[in-house]
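I opened this notebook to record what I looked up, entry by entry. Each entry takes up one part of the chain.

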Amino acid sequence: MRSHSVRLNCGTTIPVLGFGTYSYENDRRTTEQAVHAALKMGYRHFDTAKIYGSEEAVGNALGEAMESGFIGREDIFVTSKLWGSDHHDPVSALKQTLMKLGMEYVDMYLVHWPVKLKPWACSAVPNEQDFDELDLEGTWAGMEMCLQLGLCKAIGVSNFSSTKIRQLLDFASIPPAVNQVEMHPMWRQRKLRQICGENRIHVSAYSPLGAPGSFWGSTDVVNNPIIRSIALKHRATPAQVALRWGLSKGTSAIVKSFNLERMKENMGALDLRLDENDMLAIERMVERKIMRGDFLVNQTTSPYKSIQDLWDDEI
Ligand SMILES: NC(=O)c1ccc[n+]([C@@H]2O[C@H](COP(=O)([O-])OP(=O)(O)OC[C@H]3O[C@@H](n4cnc5c(N)ncnc54)[C@H](OP(=O)(O)O)[C@@H]3O)[C@@H](O)[C@H]2O)c1
């Protein structure tokens with residue numbers, strides 16, 4: 001059993017600190033070097049997706065580390081995601097992902113968004129003509145097939161509201177093991193965590209620092225005076241406090257840094273302990289969702305005519 005891991009409803013374990021690999025620059029060599037460094041620091045969970053364009057770099061670096069004997073396949077946990085343009089055929093999409101990764105299976109395969117796109121629509125920001133009619137039942141049947149074929153060890157979803165989780169559970173033969181969503185001290189996902197907890201679905205937090213420095217992100221979390229004062233009190237950093245808060249709630253966190261110092265710093269969250277007062281102070285912070293998904297909303301072809309539709313009023 002890996003340390004700092006939690007067991008999922010399907011029996012497999014997930015390391016609680018994941019290494020994000022979405023980078024706007026998307027430079028293959030930089031990503032490979034970051035993954036090598038992350039492995040040396042002890043990261044064992046790597047998060048990628050078809051739409052990030054990082055699958056090959058992640059697979060290359062992990063493959064080299066396995067070839068050199070530094071790690072075995074069973075020591076690492078790899079997550080990838082089904083893009084909207086592949087909802088019509090998850091099995092073929094996952095086979096392509098596995099080719100890019102150079103692997104026989106991924107540990108976790110997630111439906112990236114509850115959005116179906118036309119098969120040719122491969123842009124991260126779809127055009128109006130790219131949307132297709134959502135058929136979650138059909139998509140999920142394909143995900144279950146991926147699992148049955150042994151192409152992945154677990155299946156799950158991402159960016160699903162609690163309403164959509166309930167809808168999915170109504171027809172799923174195999175329940176999702178994970179819901180990967182935005183979560184940090186300023187977007188705490190209280191309701192979603194409760195519904196997921198009741199249904200033994202693990203919540204994994206993306207943008208756990210609020211994605212500072214990225215084009216859609218915000219520095220509000222790491223610069224927040226409450227987070228900074230808790231950090232000062234524990235001789236920790238704001239990022240460590242934000243990460244530890246999520247881990248204390250029983251979620252895992254997918255954090256991205258390709259900077260050696262910050263990668264080490266983020267790992268330090270595993271050693272931090274927050275007290276009850278810290279947790280209460282964070283509970284009182286103003287909430288604001290950063291990844292709102294505006295690019296998936298339109299008045300004509302998207303199943304979501306507003307942001308509220310996309311998140312079922314949970315925003
Ligand atoms: N399922 C989804 O829809 C979804 C959506 C978004 C993200 N994700 C996944 O989650 C991962 C993480 O999310 P994210 O990248 O949006 O947000 P994040 O991890 O909260 O923030 C990443 C940003 O914070 C900076 N950073 C990292 N450590 C820091 C520290 N200790 N102090 C200050 N700044 C720090 C990074 O820059 P440096 O690299 O320069 O350190 C980067 O600009 C992604 O890479 C991706 O794998 C999934």
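**Entry 1: Strand β9 and its partners**

I began with β9 and β10, which pair in the parallel sense over 3 bridges. The model I am reading is predicted. For one position in this pairing I looked up the partner: Ser 204 has Ser 252 in β10 as its bridge partner.

I then turned to the pairing of β9 with β8, which covers residues 178-182. These two strands are also parallel, and 5 bridges join them. Here I noted that Asn 179 stands opposite Val 203 in β9. I followed the chain from β8 to β9 and found that it passes through helix α6, residues 190-198, in a right-handed β-α-β crossover.

Next I asked how many residues of β9 are buried. Strand β9 spans residues 202-206, and 5 of its 5 residues are buried. I also recorded where they point: His 202, Ser 204 and Tyr 206 go one way, while Val 203 and Ala 205 go the other way. This pattern agrees with a general rule, by which side chains in a regular strand alternate between the two faces of the sheet.

**Entry 2: Strand β5 and its partners**

I examined strand β5, residues 77-82, and found it mostly covered, with 6 of its 6 residues buried. Strand β4, residues 45-47, pairs with β5 in the parallel sense over 3 bridges. In this pairing Asp 47 stands opposite Thr 79 in β5. I traced the connection as well: β4, helix α2 (residues 55-67) and β5 form a right-handed β-α-β unit.

I also looked up the pairing of β5 with β6, which run parallel and are joined by 4 bridges. Thr 79 appears here again, with Met 108 as its bridge partner in β6. Between β5 and β6 the chain crosses through helix α3, residues 90-101, and this β-α-β crossover is right-handed.

**Entry 3: His 112**

I consulted the UniProt record, an unreviewed entry, and its "binding site" annotation covers His 112. I located His 112 in the loop between β6 (108-111) and α4 (136-148).

Is His 112 buried or exposed? I entered it as buried because it has 21 C-beta neighbours inside 10 Å, and the cut-off for buried is 20 or more. Leaving out residues up to four places away in sequence, I listed what His 112 touches: Ala 49, Ile 51, Lys 81, Leu 82, Trp 83 and Ser 158.

**Entry 4: Phe 160**

I found Phe 160 in the loop between β7 (155-158) and α5 (162-171). Phe 160 counts as buried because 26 C-beta neighbours lie inside 10 Å.

I then asked which residues Phe 160 is in contact with, leaving aside neighbours within four places in sequence. They are Pro 114, Ile 165 and Asn 179. I looked further into one of them: Pro 114 is 46 residues from Phe 160 along the chain, yet their C-alpha atoms are separated by 6.7 Å. Asn 179 had already appeared in Entry 1, opposite Val 203 in β9.

**Entry 5: The shell around the ligand**

I looked up which residues surround the ligand and found 29 of them. The closest are Gly 20, Leu 209, Ala 239, Lys 256 and Ser 257. By class, I recorded 12 nonpolar, 13 polar and 4 charged residues in this shell.

Two elements, β10 (252-255) and α9 (260-267), each supply at least two residues of the shell. The largest share, 3 residues, comes from α9.

**Entry 6: Two residues with positive phi**

I noted beforehand that most residues other than glycine have a negative phi. Arg 235 is not a glycine, yet its phi is positive, about 50 degrees. Arg 235 is found in the loop between α7 (225-233) and α8 (238-248). I marked Arg 235 as exposed because it has 8 other C-beta atoms within 10 Å, where the cut-off for exposed is 12 or fewer.

Asp 312 is not a glycine either, and I recorded a positive phi of about 50 degrees for it. Asp 312 lies in the segment after α11 (307-310). Asp 312 counts as partly exposed because it has 17 C-beta neighbours inside 10 Å.

Definitions and conventions. Residues numbered from 1 in each chain as written. Predicted model: local features only at pLDDT ≥ 70, side-chain atom pairs only at ≥ 80, totals over all residues. Near = placed C-beta within 6 Å. Nonpolar A, V, L, I, M, F, W, Y, C, P; charged D, E, K, R; others polar. UniProt positions renumbered as here; feature names shortened; annotations may be inferred. Contact = placed C-beta atoms within 7 Å. Pairing = 2+ DSSP bridges. Right-handed = clockwise from strand over helix to strand, strands pointing away.
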